[in-house]
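Biologist: Could you take me on a close look at the largest cavity in this predicted model? I would like to know which residues line the largest cavity, and I'd be glad of a word on a helix pair afterwards.

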Amino acid sequence: LPHEFKYNDEPRATLPEFEFLPGGARTDDDNDFEWTHLWFMDKEGVLKLPYPRLVEIWKANMNQGIWVANKKARELMDEGVVPPETGSTSRNPHAGYNLSGQFCVESYGLLAPGMPQTAADIGLHYARIAVSGEPLQATQFWTSLISLLAFHEGTLDQALVRALAAVDLRSAMAAVVADARRLYQQHPQDWKAARQAFREEWAVRRRWNGNSTPVNGGMVLLALLYGQGDFYRTLQYAMALGYDADCNAATAGAVLGYRLGFRHLAALPQFKLPDRYLNKTRPSLPAESKVSDQAQTLLRVCERVILVNGGERLEVNGQPGYRVRLQDPRVLSGLP
């Protein structure tokens with residue numbers, strides 16, 4: 001958060017040092033939209049909560065710590081508008097660019113390991129509350145990428161290319177991935193040069209604003225590429241590259257954290273995170289819970305996703321496990 005929108009015209013001069021929340025985790029819009037949805041998905045046994053039910057949930061919970069497209073969607077609900085109309089560009093002026101299509105969806109990739117179509121489908125359902133058009137391409141890309149990483153044995157760059165199969169090739173998101181990969185290859189030792197070239201193309205020439213999925217998606221991609229699989233270094237880049245840096249670090253962390261696993265993260269010397277999550281924004285949820293309890297909630301929903309998509313429970317070397325029916329990524333929502 002100290003780096004959010006601090007570096008727009010230029011990146012941060014140096015990579016910042018940081019610790020992993022020594023006081024524990026807490027509610028923020030980078031996590032509590034998904035956490036609220038996951039909570040009710042688990043309690044009600046429904047993967048895609050019906051939109052009228054989501055209006056009830058949002059009216060009870062989404063009244064603070066809410067911004068831009070999500071805030072407008074919430075206001076529209078008070079006028080009787082129901083999703084996906086709350087995320088239409090005709091009613092929501094932020095719907096056609098807003099970062100909600102990226103930073104509010106990563107958990108849906110975690111729910112569907114090896115099932116990118118299912119991940120994107122669930123992600124699109126919830127993203128449409130606040131956005132439409134181009135941001136939905138980001139939704140499909142990031143959910144599919146995270147889903148694929150559950151069983152991906154190649155490089156992260158190869159996974160980025162494979163996840164493009166979930167994106168309309170006419171979209172800005174497809175071009176953003178291509179540009180980020182090209183600029184990294186052109187400037188492998190100069191992250192600032194790559195960042196400035198990307199800014200010139202997408203923020204200056206194409207005029208996407210600093211709260212958009214193309215600009216911030218590019219920052220996440222550059223962080224992942226320059227981080228080279230190092231979790232701490234990747235987050236340093238995500239913060240220093242600028243724009244909506246807290247959201248971008250959250251997305252980069254979700255991607256790489258899923259690839260590396262919790263044991264790897266907890267062994268990092270900067271990891272100071274107690275097993276504690278404080279909720280100060282969403283009244284229907286517990287005021288305090290454990291991060292590990294949140295993980296168990298996610299795993300229960302994940303099991304449901306696996307089973308309804310043709311998977312099964314089994315034992316692996318005497319331990320409980322699952323057989324997953326794998327999917328290839330594909331475009332579920334194209335551009336007009």
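Modeller: Happy to! The lining of the largest cavity is made up of Phe33, His37, Trp58, Asn70, Ser100, Cys104, Tyr108, Tyr126, Ala127, Ile129 and Ala130. Two elements give two or more residues each to that lining: helix H1, spanning 32–44, and helix H6, spanning 116–127. From the numbering, Phe33 and His37 fall in H1, while Tyr126 and Ala127 fall in H6. Sorted by class, the lining holds eight nonpolar and three polar residues, with no charged ones. The space inside comes to about 70 Å³, and a search of the whole structure turns up one cavity of 30 Å³ or more. Please keep in mind that this is a predicted model.

Now for the helix pair you asked about. Helix H11 (residues 213–227) packs against helix H13 (residues 245–260) at an angle of about 45°, and their axes lie 9 Å apart. Because of that angle, H11 counts as oblique to H13. The two helices cross in a right-handed sense. On the H11 side, Asn216, Met219, Val220 and Leu224 make the contact; H13 answers with Asn248, Thr251, Ala252, Val255 and Leu256. By class, six residues in this contact are nonpolar and three are polar, and again there are no charged residues. So much for the helix pair; do enjoy turning the model around on your screen.

Key: Residues are numbered from 1 along each chain as its sequence is written. This is a predicted model: local features need pLDDT of at least 70, side-chain atom pairs count only at pLDDT 80 or more; totals for chains, interfaces and linings use all residues. Side-chain values use heavy atoms; hydrogens and water are left out. Axes are lines fitted to C-alpha atoms, for helices over the stretch in contact, and angles run from 0 to 180 degrees between N-to-C directions. Helices (H or I, at least four residues) and strands (E, at least two) are DSSP runs, numbered from the N terminus. Angles under 35 degrees count as roughly parallel, over 145 as roughly antiparallel, 65 to 115 as roughly perpendicular and the rest as oblique. A crossing is left-handed if the near helix is turned anticlockwise from the far one by less than a right angle, and right-handed if clockwise. Contact means heavy atoms within 4.5 Å. Ala, Val, Leu, Ile, Met, Phe, Trp, Tyr, Cys and Pro count as nonpolar, Asp, Glu, Lys and Arg as charged, and the others, Gly among them, as polar. On a 1 Å grid over the protein atoms alone, a cavity is a set of points where a 1.4 Å probe fits but cannot get out, and a pocket is an open set with protein on both sides within 12 Å along at least five of seven lines; lining residues have an atom within 4 Å of a point. Grid points are joined across faces, edges and corners, and a volume is the space filled by probe spheres set on the points.
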